[in-house]
Amino acid sequence: MSNLVDGGFDALPLPGSGRTLERWQILASVAAHDLSLVKLFEGHTDALAILAELGGAEPPARSRWGTWCAEPPDARVELVEAAGGKWELHGTKAWCSGAHSVTHAIVSAWNAAGAPCLAAVSLSQDGVKVSDSGWEAVGMAATRSVDVRFDGAVAMPVGEPGDYVARPGFWQGGAGIAACWYGGAAGIAEMTRQRCGPKPDAHRMAHLGAIDVALAGASTVLRETAAWIDEHPSSSAQQPALRARMVIEAAATEVLTHAGRALGAAPLCRDARFARAMADLPVFLRQSHAERDLAALGASLLPPAEQPWLL
């Protein structure tokens with residue numbers, strides 16, 4: 001990720017700025033190249049967007065950021081006011097992607113009143129201990145999404161309590177994750193096309209056709225979602241974001257199935273890039289909440305203010 005940051009490629013258009021699709025196209029392009037890389041790059045660019053939206057401090061030049069906001073019940077971080085008006089983080093944060101390589105992070109935490117909040121923290125201090133535990137997956141292994149322990153690490157609150165989820169950028173960013181999934185699926189699709197050989201049989205061509213259909217529908221939904229966000233930058237994008245995430249997850253799953261069936265075992269065993277992408281994407285897709293997201297989407301449609309499926 002250092003090359004992307006040092007080269008200024010992280011200066012993406014902000015979500016809802018009128019150029020949301022351009023932002024997602026860049027994320028998808030990185031994902032098509034390397035899913036572990038885009039996981040770190042998306043976290044970095046999401047952190048920059050959060051700081052901009054919530055009035056955080058200007059990030060140091062060439063700093064590399066993580067966005068660590070997972071909240072498993074067994075890993076909870078507290079933001080505590082200390083002497084001299086300083087703030088400190090205490091506790092263990094799980095699933096910290098890029099912990100061994102980023103310089104700073106946006107961390108979700110809980111204040112003394114039990115309210116959720118965000119804090120920006122530099123990782124180059126004694127109160128931060130990056131572990132080697134908490135990530136055993138083969139897929140997305142390069143993200144090294146390990147546990148990080150905070151023991152009085154000095155931090156700076158970002159925004160007000162509750163702002164992380166309440167801000168429009170929360171669901172705008174959630175839809176941006178779907179663009180990463182799409183890019184990963186498109187990368188696998190292109191590798192499949194290239195590996196079908198000069199004279200693919202009818203079965204391989206059928207699999208390529210199915211992949212094209214899946215990605216064409218997914219691309220259309222992403223474009224529509226980006227346009228909706230740019231037309232409603234201050235509104236909650238929960239419904240269109242959930243819809244986009246579920247459509248892209250389904251399309252990516254189709255691509256994984258057809259790519260494997262089209263090419264068989266050989267590239268999974270002998271082609272490092274293809275094998276890594278095929279292992280990475282299923283793990284990345286599980287950032288979806290599956291049926292819980294489907295249920296949330298269904299709930300948002302009742303009672304319907306309009307008939308959502310009319311052309």
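Which side chain meets Arg167 in a salt bridge? I looked this up in the model, which is a predicted one. The partner is Glu53, and the N to O distance is 2.8 Å. I then noted where the two residues sit. Arg167 lies in the loop between α4 (163-166) and α5 (169-194), while Glu53 belongs to helix α3 (residues 35-53), so the pair ties together parts that are 114 residues apart in sequence.

I checked accessibility for both partners. Arg167 has a relative accessible area of 7% and is buried, because buried means under 20%. Glu53, with a relative accessible area of 34%, is partly exposed.

**Other salt bridges**

I searched the whole structure and found eight salt bridges. I followed up on further pairs, one of them being Arg193 with Glu190, whose side chains meet at 2.6 Å, N to O. Both residues are in helix α5, three residues apart, so about one helical turn separates Arg193 from Glu190. Arg193 comes out as partly exposed, at 48% relative accessibility. Glu190 is also partly exposed, at 31%.

Next I looked at Arg19 and Glu22. Their side chains form a salt bridge with an N to O distance of 2.8 Å. I have Arg19 as partly exposed, with a relative accessible area of 44%. For Glu22 the relative accessible area is 32%, and this residue is partly exposed as well.

**Packing of α5 and α6**

Since Arg193 is in helix α5, I went on to what this helix packs against. Two packed helices are described by the angle between their axes and the distance between the axes. For α5 and helix α6 (residues 202-231) I noted an angle of about 155° and axes 10 Å apart. The two helices are therefore roughly antiparallel to each other, as angles over 145 degrees count as such. I recorded the crossing of α5 and α6 as left-handed.

Which residues of α5 meet α6? I listed Gln172, Ala175, Ala178, Ala179, Tyr182, Ala185, Ala186, Ala189, Thr192 and Arg193 on the α5 side. On the α6 side I listed Leu208, Ile211, Leu215, Ala218, Ser219, Leu222, Thr225 and Ile229. Sorted by class, this contact has 13 nonpolar, four polar and one charged residues. Arg193 thus appears twice in my notes: in the salt bridge with Glu190, and among the α5 residues that meet α6.

Note on methods. Residues are numbered from 1 along each chain as its sequence is written. This is a predicted model: local features need pLDDT of at least 70, side-chain atom pairs count only at pLDDT 80 or more; totals for chains, interfaces and linings use all residues. Side-chain values use heavy atoms; hydrogens and water are left out. A salt bridge is a side-chain nitrogen of Lys or Arg within 4 Å of a carboxyl oxygen of Asp or Glu. Buried means under 20% relative accessible area, exposed over 50%, partly exposed in between (1.4 Å probe, protein chains only). Helices (H or I, at least four residues) and strands (E, at least two) are DSSP runs, numbered from the N terminus. Axes are lines fitted to C-alpha atoms, for helices over the stretch in contact, and angles run from 0 to 180 degrees between N-to-C directions. Angles under 35 degrees count as roughly parallel, over 145 as roughly antiparallel, 65 to 115 as roughly perpendicular and the rest as oblique. A crossing is left-handed if the near helix is turned anticlockwise from the far one by less than a right angle, and right-handed if clockwise. Contact means heavy atoms within 4.5 Å. Ala, Val, Leu, Ile, Met, Phe, Trp, Tyr, Cys and Pro count as nonpolar, Asp, Glu, Lys and Arg as charged, and the others, Gly among them, as polar.
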